[in-house]
Amino acid sequence: MSNLRIDTDKCIGCGKCVKICMKDHLAVKDKKVTETLHGCLKCGHCIATCPKQAISFADPKDNDILGKARQEGFMDARPVSEEDLTAIRDKMEHSSSMGDLCETHILEGKALNKFMDDVWEAVKEKEADTDIVREMAEWRDSNKLGPNPALWNGSQVLLIFADSPEKAFMASNRMKTEGFGRGVIGFHSNVIMMASKIDGGLAKKHVPHIDKKLYMAYVIGHGRRIIEPGIAPLFKKAKGLKDKLF
Ligand code: SF4
Ligand code: SF4
């Protein structure tokens, strides 16, 4: 199934989108990009990376969500609370109609740092010509204390393990819906999935208790300017009071 709209008049066949797609869903043929239909997960990386704005989502609603996430200045550095994480993971892992969908694991703090060190070891040579790997190299060489560019401002990574890509995809959609209602957003990490493809033992090394396959790695956090659901009713109340008084 195609989730994308490709404007072949704009496409120059540079292949940047092919390189960034962690699902091998895109290929360049006769100097134009085409879909291989290997299973697009609507991460939006190809859209963000295309220098000619030749790709968009087929469903305008998906473009709106992506556009809104960008306008929000994307993520700030606050970690997602234990309560929100539990609710999101519960929603992802079980569906009343399909039963168990996936198993999830959160990486944060030192465990995340060690994991990202191994991600770096895996990708540093094989993917050295990829933009994000170059950014990671510059960040590591500069010894800057800022956040790892692969994580943006995120401080937690949600790993999604499943028996099939369909179940992982469904779990990821449930995560986005539940998360958005809680002011929680994020992005699929293509660099983590690149590393996992190169080093097949990466997930097992860091999450030995889960036997299923790693399908997705989602950097999770708070949207910068999304009003927290708990605060929104207070704003409404204050506005109502102001309207009454003035
Ligand atoms: S990144 Fe854009 S211009 Fe380059 S091949 Fe992909 S769609 Fe075409
Ligand atoms: S949206 Fe993501 S998974 Fe789909 S084609 Fe683009 S990069 Fe690949």
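These are my notebook entries on a predicted model of a protein chain with its ligands.

**Ground rules**

I number residues from 1 along each chain as its sequence is written, and I letter chains from A and number ligands from 1 in the order in which they are written. Because the model is predicted, local features need pLDDT of at least 70 and side-chain atom pairs count only at pLDDT 80 or more, while totals for chains, interfaces and linings use all residues.

**Overview**

I looked up the elements of the protein chain and found 10 helices and 10 strands. Helices (H or I, at least four residues) and strands (E, at least two) are DSSP runs, numbered from the N terminus. The protein chain has 246 residues, and 31% of them count as buried. A residue is buried if 20 or more other C-beta atoms lie within 10 Å of its own, exposed if 12 or fewer, and partly exposed in between, with C-beta atoms placed from the backbone. I also checked contacts with a separation of 6 or more: residues 24 or more positions apart account for 71% of them. Two residues are in contact if their C-beta atoms, placed from the backbone, lie within 7 Å.

**The four-stranded sheet**

I traced an open sheet of four strands, in the order β7-β8-β10-β9, with antiparallel pairing. Its edge strands are β7 (103-108) and β9, each pairing on one side only. The twist averages 30° from one strand to the next. Angles run from 0 to 180 degrees between N-to-C directions, and axes are lines fitted to C-alpha atoms, for helices over the stretch in contact. Two strands pair if DSSP finds at least two bridges between them.

I went through the pairs in turn. β7 and β8 run antiparallel and are joined by six bridges. Glutamate 103 has phenylalanine 161 in β8 as its bridge partner. β8 and β10 are antiparallel too, over seven bridges. Here glutamine 156 faces isoleucine 220 of β10, and isoleucine 160 faces methionine 216 of β10. β9 and β10 (residues 213-222) pair antiparallel over five bridges. Valine 184 stands opposite histidine 222 in β10.

Which strands are covered? In β8, six of the seven residues are buried. β9 (residues 184-188) has four of its five residues buried, so the rest of the structure largely encloses this strand.

**Helices against the sheet**

I checked which helices lie across the strands. α4 crosses β7 and β9, at about 150° to β7. Helix α5 (residues 109-126) crosses β7 and β8, at about 95° to β7.

I then compared the length of α5 with its expected span, which is 1.5 Å times one less than its number of residues. Its 18 residues should span 26 Å, and the end C-alpha atoms are 27 Å apart, which agrees. Phe115, Met116, Val119, Ala122 and Val123 are buried in α5. Their cover includes β7, α6, α8 (190-198) and α9 (202-206).

Helix α6 (residues 131-142) has 12 residues and should span 16 Å; its end C-alpha atoms are 17 Å apart, which agrees. Asparagine 143, just after α6, has a positive phi of about 55°.

Helix α7 (residues 165-181) has 17 residues and reaches 25 Å between its end C-alpha atoms, close to the expected 24 Å. Its buried residues include Lys167, Phe169 and Met175. They are covered by elements including α4 (82-93), β8 (156-162), β9 and β10. Glycine 183 follows α7, with a positive phi near 75°.

**Ligand shells**

What surrounds ligand 1? I found 13 residues, the closest being Cys11, Cys14, Cys17, Cys50 and Ala54. A residue is near a molecule or strand if its C-beta atom, placed from the backbone, lies within 6 Å of it. The shell of ligand 1 divides into nine nonpolar, two polar and two charged residues. Ala, Val, Leu, Ile, Met, Phe, Trp, Tyr, Cys and Pro count as nonpolar, Asp, Glu, Lys and Arg as charged, and the others, Gly among them, as polar.

Around ligand 2 I found residues including Cys21, His25, Cys40, Cys43 and Cys46. That shell has seven nonpolar, three polar and two charged residues.

**Threonine 36**

Last, I looked up threonine 36, in the loop between β3 (32-35) and α2 (45-49). Is it buried or exposed? Threonine 36 is partly exposed, because 14 other C-beta atoms lie within 10 Å. Beyond its neighbours within four places in sequence, threonine 36 is in contact with Asp24, His25, Leu26 and Ala27. Leucine 26 is 10 residues away along the chain, and its C-alpha atom is 5.5 Å from that of threonine 36.
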